[in-house]
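The following exchange examines the terms applied to a protein model and asks what supports each of them. The structure is shown first.

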Amino acid sequence: MSKEKSKEPAGKILNSDQRFRWVILFGLTILFSLILFPSLVTTKHEYDLGDVAERDIKSPRDFFIEDQVATELNRQLAEENVLTVYDYDAELGPQIALNVEEIFAQMRAASAAHDITSAPIPTAAENTDETSAKTPKPSLNVITDKRKYLEEKLGIMVTRGAFSALETAGFSEETANLIKQILLKILENGVVTNKEILLKEAEKGIVLRNVSTQKEETVHQLKQFYGLDQAKTMVRIVGQPLLNDLDYGMLNLVVDFVQRLIQPNITLNRNETQERRKAASSQIKPVLHKIKAGEMLLREGERVTEVQLLKLKALVTQTKKQRDLFTSVGAALMLICLLITTYILHLGRPGRFSAEHNKSLLFMACVFITFCLLAEISYKLSEVLTLNSTLPIQMSSTWFGIPLASGAMIVCVFLGIRTAVPIAMVMAVSFAVIFGNSLPYFLFFFISGSMAAYWIQNCRERKVFITAGAKLGLLNVLLVTAIDFYRADLSGSKLLYDWVFGFMGGIGAGIVTAGIVPLVEMAFGYTTDISLLEQANLDRPLLRRLMLEAPGTYHHSVIVGSLVEAAASEIGANHLLAKVCGYYHDIGKINKPLYFIENQTNGKNKHDKLAPSMSGLILIAHVKEGVEIAKEHKLGQDIINTIRQHHGTSFIKYFYDKAKQLKGEDQVNIDDFRYPGPKPQTREVGLVMLADVVEAASRTLDNPTPSRIQGLVQNLINNIFSDGQLDECELTLKDLHKIARSFNKILYGIHHHRIEYTERRPSAGENGKGRLKNGSADRQQAKQAQNIIEDDKANGSGHLRRLGLS
């Protein structure tokens, strides 16, 4: 239920939402304007660098010209003025010093206890990190292990001799303090990775940004910072006052440790510098020079210089934008007026689109935009191909070979000739605008499209596409001949190429239509006569399964198909669609065939042992199950809609009356015995509903004489009409009269009498009282058809008119 409810808004949009139609209108106009926009430029630059001017050219108005050289120079200066950004890590020195202090403390504890894990010395970092405190320390019993541990923690290489000297000194706290003091003094001064690159910025200075505080300062004295090699050299000089009391070996050990621990704490930030330079460059405005109205841009006889060419291009560009804006707005307004007029006069009339009105409009809009885009692309390609071709082919000749008539053919296949001709006219106007606002081309595309739609309207075989294309090709040859005579352009090669391209355009339109039609069927859920003919084949697996598993339903469906086909032909509906819908309308009975009276062969009715409410649910469920089967076999939206709507919102009278007898009228809800609907939305579905009821009821007649059949048909149609089941489809009273007459004719033939031979076995009808007694499980209301006739005759009312009488 939730899925069905979620689909309701989408269905409403595709059916009757007025706002969606306005969205289609304005969307179509905007897209057409965008497609048309490149062809609106009529002013072109006529000169190249070094050409000789044929006439004086003056500026028609004031305009500005950009000095690109000056603009680019200003941007380069702005980028050069941006100072290079260096990041200063003030926390690096204290972090290394703290690490040295902790590692030396651990090594002293390990040396005292012979194992660092047996007597760990708590440090500040360990006290604040319970996870690391619980992690066991590696064993330091072996000197090699201790040295590796020291190297890993300090991140430097420690020689065996240096480690032995430190171990001999017991990793004294004094040694650690000396290393820390010297290291901090070096790093506090600042150490840069590459001092040579830094000194290139000495004239401008640099921006030094503190990584921790994000504070920035401009520094001009760059020589004060140490390079990495210089910093290592300065270790002895800076540490001289502190290392006087140490012996030579320990002094060298401390100096070596400090040199290895030194890391650059001033680094170049290239990304930040580049971003600041880009920002400074983007803030520079173009350098413009004003050209006054009347100023001479180019004199006759002069060679075009680079500056003059720049002025001409600027004038053309600025004039082009203004002209494009006005022209595109005008074209959009004209297209809106044309579309609204066409919709009011042709497409919006009642009865044109009986269901999914907006979906049809969306389909036509897609076809229109697709072929306008094809026309624009072909226009551009023809210009390129004719310029580069070695054959004397004019660009206008290639236009006749574009299969634009295929648009009207596609619309005709799905929506009919009455819709295709107005669409052909709208597309012809658009194509004429694209191809130079030419009246002859408008007539060519309109006549070609309209006749292509006419020849394809009864397409029931694939070869019709090629046949229609060949006819269209011959018509195009005639039309291009008339256009050439009109233009007095009768050169032999031009006329020959026009004929060739015109005929190719007709054949191409048929081929393109044949290829696009299946795609449209899948994309929009349409059903063509070709696919209907395929589905009307009684050897299709689904119909064969219906014949084998539910033979009574199969026979009923075939007769319903015959009834609706004949009636649809009488009222001008789609008789092929009606017949196919009649074949498949009851396929939901395949799942439970024995619960429907027409499939019961042993005289036993399964509903006799069921509660009326359960019987009603089973009967109603065949609609939902039929929809699911139809979707599974991809029968098309038209057949799915027929299955869903062929019972409308009618109720199962037989089981409703039976439930009232068992429980009382107050205890029975009539909605429990009512089909969910919706009511029939098209004439074809309405025909299936009428034929379904009439065919089932005709089987209950004891002596089906013409008068009884006529009375039965008349009363059943009247009852359905009076119940409001036909309110939402477009069947008129005149149609109902023709339908009744057609049903009478077919039923006369089905229930005709034969000569009684002297020796014959009793017919199934003579021994079929059991079925008449039980009644139809799906249409039990038909059982009382004769009583209805007698009651209506007695009452003398309830009839709209005497249907089916000539």
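**Reasons behind the terms**

Q: Why is Ile-344 called exposed?
A: Ile-344 has a relative accessibility of 54%. The term exposed requires a value over 50%, so Ile-344 counts as exposed. The model is a predicted one, and Ile-344 is found in its helix H14.

Q: What makes Ile-344 part of a nonpolar patch, and which residues form that patch?
A: Ile-344 forms a nonpolar patch on the surface with Trp-22, Phe-26, Ile-30, Leu-31, Leu-34, Ile-340 and Leu-345. Membership needs over 30% relative accessible area and no salt bridge, with nonpolar side chains joined within 5 Å. At 54%, Ile-344 is above that area cut-off. Together the patch residues have about 810 Å² of accessible area.

Q: Which helices supply at least two residues each of the nonpolar patch?
A: Helix H2 (18–36) and helix H14 (306–347) do so. The largest share, five residues, comes from H2.

Q: Why is Glu-201 called buried, while Lys-204 is called partly exposed?
A: Buried means under 20% relative accessible area, and partly exposed lies between that value and 50%. Glu-201 has 16%, so it is buried. Lys-204 has 32% and therefore counts as partly exposed.

Q: How do you know that Lys-204 forms a salt bridge with Glu-201?
A: The closest N and O atoms of Lys-204 and Glu-201 are 3.9 Å apart. A salt bridge requires the side-chain nitrogen to be within 4 Å of a carboxyl oxygen, so the pair qualifies. The structure holds 21 salt bridges.

Q: What makes the contact of Arg-462 and Glu-534 a salt bridge?
A: The N to O distance between their side chains is 3.7 Å, and the cut-off is 4 Å. The contact therefore satisfies the definition. The pair links distant parts of the chain, 72 residues apart: Arg-462 is in the loop between H19 and helix H20 (463–486), and Glu-534 is in helix H22 (residues 529–535).

Q: Are Arg-462 and Glu-534 buried, partly exposed or exposed, and why?
A: Arg-462 has a relative accessible area of 42%, so it is partly exposed. Glu-534, with 41%, is therefore partly exposed as well.

Q: Why are Asp-657 and Lys-660 separated by about one helical turn?
A: The two residues are three residues apart in helix H28 (residues 653–663), which means a separation of about one helical turn. Asp-657 forms a salt bridge with Lys-660, with the closest N and O atoms 3.8 Å apart. Asp-657 counts as partly exposed because its relative accessibility is 22%, and Lys-660 counts as partly exposed because its value is 24%.

Q: Which residues are linked in a network of salt bridges?
A: Glu-216, Glu-272 and Arg-276 are linked in such a network.

Q: What makes a space in this structure a cavity, and how many cavities of 30 Å³ or more are found?
A: A cavity is a set of points where a 1.4 Å probe fits but cannot get out. A search of the whole structure finds four cavities of 30 Å³ or more. About 60 Å³ of space lies in the largest, and the second largest has a volume of about 40 Å³.

Q: How do you know which residues line the largest cavity?
A: A lining residue has an atom within 4 Å of a cavity point. The lining consists of Phe-400, Ile-402, Pro-403, Leu-404, Ala-405, Phe-444, Phe-445, Ser-448, Asn-476 and Gly-505. By class, seven are nonpolar, three are polar and none is charged. Helix H19 (residues 439–456) gives the largest share, three residues.

Q: Why does the lining of the second largest cavity count one polar residue?
A: Its lining residues are Leu-404, Ala-405, Ala-408, Ala-424, Met-427, Ala-428, Phe-431, Phe-445 and Gly-449. Gly is placed in the polar class, so Gly-449 is the polar residue. The lining divides into eight nonpolar, one polar and no charged residues. The largest share, four residues, comes from H18.

Q: Why is Phe-446 called partly exposed?
A: Phe-446 has a relative accessibility of 25% and therefore counts as partly exposed. The place of Phe-446 is in helix H19.

Notes. Residues are numbered from 1 along each chain as its sequence is written. This is a predicted model: local features need pLDDT of at least 70, side-chain atom pairs count only at pLDDT 80 or more; totals for chains, interfaces and linings use all residues. Side-chain values use heavy atoms; hydrogens and water are left out. On a 1 Å grid over the protein atoms alone, a cavity is a set of points where a 1.4 Å probe fits but cannot get out, and a pocket is an open set with protein on both sides within 12 Å along at least five of seven lines; lining residues have an atom within 4 Å of a point. Grid points are joined across faces, edges and corners, and a volume is the space filled by probe spheres set on the points. Patches are made of residues with over 30% relative accessible area and no salt bridge: like charges are joined within 9 Å, nonpolar side chains (Val, Leu, Ile, Met, Phe, Trp, Tyr) within 5 Å. Accessible areas come from the Shrake-Rupley method with a 1.4 Å probe; for residues, only the protein chains shown count as cover. Buried means under 20% relative accessible area, exposed over 50%, partly exposed in between (1.4 Å probe, protein chains only).
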